[in-house]
Amino acid sequence: MAAGGRGSGRPAKKKSPTKGTGGNKRRSLEGKGATPPAHMRHWHKDKARTERVEREERTGRTTSQRPQTRARRSEDAPEYIGGRNPVLEALRAGVPASAMYVALRIDNDDRVKEAVRLAAERGIALLEVGREKLDRLTEGGIHQGVALQIPPYEYAHPDDLVRIAQEAGEVPLIVALDGVTDPRNLGAIARSATAFGAHGLLVPSRRSAGVTGGAWKTSAGTLATLTVARASNLTSALREYREAGLFVVGLDGEGSVDLEKANLLDGPLVIVVGSEGKGLSRLVAESCDLVVRIPMHAAAESLNAGVAAGVALYEVARHRRR
């Protein structure tokens, strides 16, 4: 039998006292009190909703109104023209297009019918989509159920603009943009440049508007016939134009000579248009042969870049008709 067992004749070994818990087990059985209300529970969805409402009341802006971070558009991404008149004008002008999107159950008026016919004649793909798709393609712009997809614009070299004038046997007239960042201004300037016989536009590759869907729309199709060149450095391009025998005239409200009194307008010319607010940058102004201003009433501090370019181009055309 095992040693120390019952009947072994030896007294059993006395057990030592068991160590207590110090009352912890008893306290753990006690209740934790009433459940706190929702606004005191950080994990409760009502608390998060309350905080969001209070934050919106403080800022005066709802969650849906928060500025959304838009992905940077790639240069090789297509552009879109929205609206019945702009799409029809673009098709009539022969704007290069790869697809035409038409909303389902659209009200077919004469503009839509003609646009569909022109697109079919040119072999442009016709796609029926929902209006939500058109909203996304035009980035919330007014499309009226119609949008035209334009491939990325292929910019020319600055030297190409002079070559175009020489091949036409005409005195070169080029419009350069300095700090013009609104594509609609670019489109408006393109329209004026086409109307008054300019041979092309020159834009810098950085901090400048490019040939986007907004520019196509505002140009009313004239960008299909007007060449746009891009320069990595605008001041260097202007210097090369001067070396090639062109006069560079800057358009700025701080100019020293009135536009109508400039004596260089009938020669080979580059007109540089600055931004509406800042005018010409310092380096660009120093690269000009002459900086002129458009005389106007003091009540108007400045002109829109597109309007100023139109006035200047008209004055050049008037000088050249003499």
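**Close-up 1. V311 in helix α11 is partly exposed in this predicted model.** The relative accessible area of V311 is 32%. That value falls between the 20% limit for buried and the 50% limit for exposed, so V311 counts as partly exposed. Helix α11 spans residues 305-320. Setting aside neighbours within four places in sequence, V311 is in contact with L259 and I294. S192 sits 119 residues from V311 along the chain. The C-alpha atoms of V311 and S192 are nonetheless 8.9 Å apart.

**Close-up 2. Helix α9 has its buried residues on the same side.** The helix runs over residues 234-243. Buried here are L234, T235, A237, L238 and Y241. These residues cover an arc of only 160° around the axis, which means that they share a side of α9. In an α-helix there are 3.6 residues a turn, so residues three or four places apart point the same way.

**Close-up 3. G245 has a positive phi just after α9.** The phi angle of G245 is about 100°. This glycine follows the helix of residues 234-243.

**Close-up 4. E139 combines a positive phi with a place in a loop.** Its phi is near 55°, and E139 is not a glycine. Most residues other than glycine have a negative phi. The loop that holds E139 lies between α5 and β4. Helix α5 covers 131-137, and strand β4 covers 146-150. E139 has a relative accessibility of 42%, so E139 counts as partly exposed.

**Close-up 5. Q144 also lies in the loop between α5 and β4.** Q144 is not a glycine, yet its phi is positive, at about 55°. The relative accessible area of Q144 is 36%, which means that Q144 is partly exposed.

**Overview. The protein chain contains eleven helices and eleven strands.** The chain has 322 residues, and 39% of them are buried. Consider contacts with a separation of 6 or more: 80% of these join residues 24 or more positions apart. The accessible surface of the chain comes to about 19,700 Å². Carbon and sulfur atoms account for 49% of that surface.

Conventions: Residues are numbered from 1 along each chain as its sequence is written. This is a predicted model: local features need pLDDT of at least 70, side-chain atom pairs count only at pLDDT 80 or more; totals for chains, interfaces and linings use all residues. Side-chain values use heavy atoms; hydrogens and water are left out. Helices (H or I, at least four residues) and strands (E, at least two) are DSSP runs, numbered from the N terminus. Buried means under 20% relative accessible area, exposed over 50%, partly exposed in between (1.4 Å probe, protein chains only). Contact means heavy atoms within 4.5 Å. Accessible areas come from the Shrake-Rupley method with a 1.4 Å probe; for residues, only the protein chains shown count as cover. The arc is that of the directions from the helix axis to the C-beta atoms.
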